[in-house]
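Visitor: I'd like a close look at one small part of this protein, and then at the places that help me picture the rest. Please go slowly and keep it friendly!

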Amino acid sequence: MPVLLALLLGFQHALSMLAGIITPPLILAGQGGANLAPGDAQYLVSTSLIVCGLLSMVQITRFHIYKTPYYIGTGLISVVGTSFTVIPIATGAFAQMYATGFCQLDADGNKLPCPKAYGALIGTGTVCALLEILLSFTKPSLLKRIFPPLVTGPTVALIGIKLIESGFKNWAGGSGSCFDRPETGPFSLCPAVGAPHALPWGSAEFIGLGFSVFLTIILCERFGSPIMKSCAVVVGLLVGCIIAGATGYFSSSGINSAPAVNFIWVKTFPLSVYGPIVLPLLAVYIVLMMEAIGDITATCDVSRLEVSGKLFDSRIQGGVLADGLNGLLSGLLTITPLSTFAQNNGVIALTRCANRKAGYACCFFLLVMGIFSKFAAALVAIPAAVLGGMTTFLFSAVAISGIRIISTVNFTRRNRFILTAAMSLGFGATLVPNWFAYVFTYTGSNNSKRGFFNAITLVCETGFALTAFVAIFLNLVLQEEVEDE
């Protein structure tokens with residue numbers, strides 16, 4: 001393939017990934033997450049781009065493990081990006097950390113920056129990644145039997161539904177302290193008093209700004225060229241930023257103060273294992289593994305490669321192993337768990353090019369975007385309403401992916417029962433997240449006991465984790481029936 005063509009196709013792949021990569025660090029570093037300083041948020045956005053570029057090369061290259069039948073990587077254009085799946089777990093855990101004193105509040109009850117909370121998240125994620133690494137050595141047929149679409153479909157749907165809450169809050173002004181519309185204090189306006197064009201949460205200006213992004217995405221789909229359609233989310237974000245810049249919502253102070261270049265480990269976070277999120281993160285890695293299997297299968301299909309047989313199974317094994325290793329490495333590289341992205345399958349289908357040189361070119365552009373940190377600083381400066389208009393669409397796409405997976409299930413009486421039982425708890429915990437908050441009333445000095453109770457509470461308040469565990473259990477214990485529809 002000519003180098004110029006590879007660069008053009010790689011740039012298109014990078015654009016299709018951009019919105020998905022930058023969203024998790026922006027949310028987790030914001031007021032609804034660990035409330036990190038702007039410099040830390042810029043670092044995380046930059047580093048997410050760099051790490052995704054580097055670790056995508058692992059998936060694309062495909063290494064054979066010496067003297068074994070196993071591989072690392074798929075040998076396809078299987079790129080990776082920061083996973084949305086960890087966001088509901090992380091935001092719930094951060095809220096719990098502030099409530100229990102793990103993170104500090106100021107005299108007025110406002111959240112102070114808590115880098116050790118972010119360190120606990122990535123440290124625990126690094127340890128939990130070992131589960132996916134171990135499962136990668138299991139036969140794909142067995143994995144699909146234990147974690148069929150009956151399990152993964154409702155789990156992915158609940159993840160998307162939970163995430164939409166965060167997107168909608170940002171659309172109306174922000175998901176942090178200003179969401180409660182306090183009468184006084186620094187967060188009586190969004191994003192904060194003194195910020196450019198600060199307004200109360202839910203103001204019509206914020207709603208209109210987010211709607212400009214959402215409407216642009218729809219217009220791109222209706223009237224855009226095939227290339228524009230594949231990058232519709234980025235185009236929508238760009239239009240929203242132009243409108244926000246023209247109407248005075250942007251602050252250039254963060255961009256001006258940002259360093260010219262950035263790289264991994266310029267900033268670090270104190271790694272630790274936070275017990276209450278171990279079980280939820282294990283559920284996250286099960287979901288990431290099944291996502292990887294589905295995305296690799298789709299990539300083989302659009303690349304016109306076989307989707308069965310020994311070679312295909314080795315690609316699945318190598319892809320899942322690389323996915324697990326990437327999850328482990330990403331934590332050590334200060335980034336939350338990664339997942340195999342599906343957006344690029346659309347680009348492959350559109351361009352009819354599955355040459356890995358285009359994948360390497362995509363990685364090159366991600367590295368360039370990450371290293372030049374002024375670009376990340378500009379992304380961090382994007383108003384919450386613009387980000388909310390984009391993320392609401394992206395998160396809805398996650399929910400629809402789950403519904404599509406459910407649609408592949410044969411709706412026998414047994415399967416309907418499993419879906420009903422699993423999703424009743426999942427929907428309930430998503431709609432009323434504090435339903436389990438008052439079950440355990442222990443106030444003693446035993447930190448291990450308190451941490452155990454916090455873990456149970458966090459799992460029971462995380463809808464998709466409840467759904468996943470219930471669906472796995474019922475799928476294993478309820479026997480298949482001969483069913484007449």
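**Around one asparagine**

Guide: Skip the neighbours within four places in sequence, and N262 is in contact (heavy atoms within 4.5 Å) with Y43, S46, T47, I50, G370, I371 and S373. Before you trust that list, know that this is a predicted model, where local features need pLDDT of at least 70 and side-chain atom pairs 80 or more, while totals for chains, interfaces and linings use all residues. Residues are numbered from 1 along each chain as its sequence is written, and side-chain values use heavy atoms, without hydrogens or water.

Now find N262 on the chain: the loop to look for runs between helix 10 (253–257) and helix 11 (278–302). (Helices, H or I, have at least four residues and strands, E, at least two; both are DSSP runs numbered from the N terminus.) Although N262 belongs to a loop, its relative accessibility is 8%, so it counts as buried. (Buried is under 20% relative accessible area, exposed over 50%, partly exposed in between, with a 1.4 Å probe and protein chains only.)

With N262 placed, let's look at some cysteines. You'll find two disulfides here (cysteine sulfur atoms within 2.5 Å) in the structure as a whole. One of them joins C103 to C114, and their sulfur atoms sit 2.0 Å apart. Look along the S-S bond of C103 and C114 and the torsion is about -75 degrees, so this disulfide is left-handed. Both C103 and C114 lie in the loop between helix 3 (86–100) and helix 4 (115–135), so their bond ties together parts that are 11 residues apart in sequence. Like N262, C103 is buried, with a relative accessibility of 3%. Its partner C114 is buried too, and the relative accessible area there is 3%.

The other bond to find is between C178 and C190, again with sulfur atoms 2.0 Å apart. For C178 and C190, the torsion about the S-S bond is about 110 degrees, so you can call this disulfide right-handed. Its home is the loop between helix 6 (149–171) and helix 7 (204–223): C178 and C190 both lie there, so the pair ties together parts 12 residues apart in sequence. Neither is out in the open, since C178 and C190 are both buried. If you number the bonded cysteines of the protein in sequence order, the pairing reads 1-2, 3-4.

What about C52? The closest cysteine sulfur to the one in C52 belongs to C363, and at 9.6 Å that's too far for a bond. C52 is buried as well, with a relative accessible area of 0%. C300 has 0% relative accessibility too, so it also counts as buried.

One more cysteine brings us to a meeting of helices. C241 is part of helix 9, where V233, L237, G240, C241 and A244 meet V386, M390, F393 and L394 of helix 16. Helix 9 covers residues 232–246 and helix 16 covers residues 384–407; they pack at about 165 degrees, with axes 9 Å apart. (Axes are lines fitted to C-alpha atoms, for helices over the stretch in contact, and angles run from 0 to 180 degrees between N-to-C directions.)

Helix 16 packs with helix 7 as well, at an angle of about 40 degrees and with the axes 7 Å apart. To trace that contact, pick out F206, L209, G210, V213, F214 and I217 on helix 7, then A385, V386, G389, M390 and F393 on helix 16.
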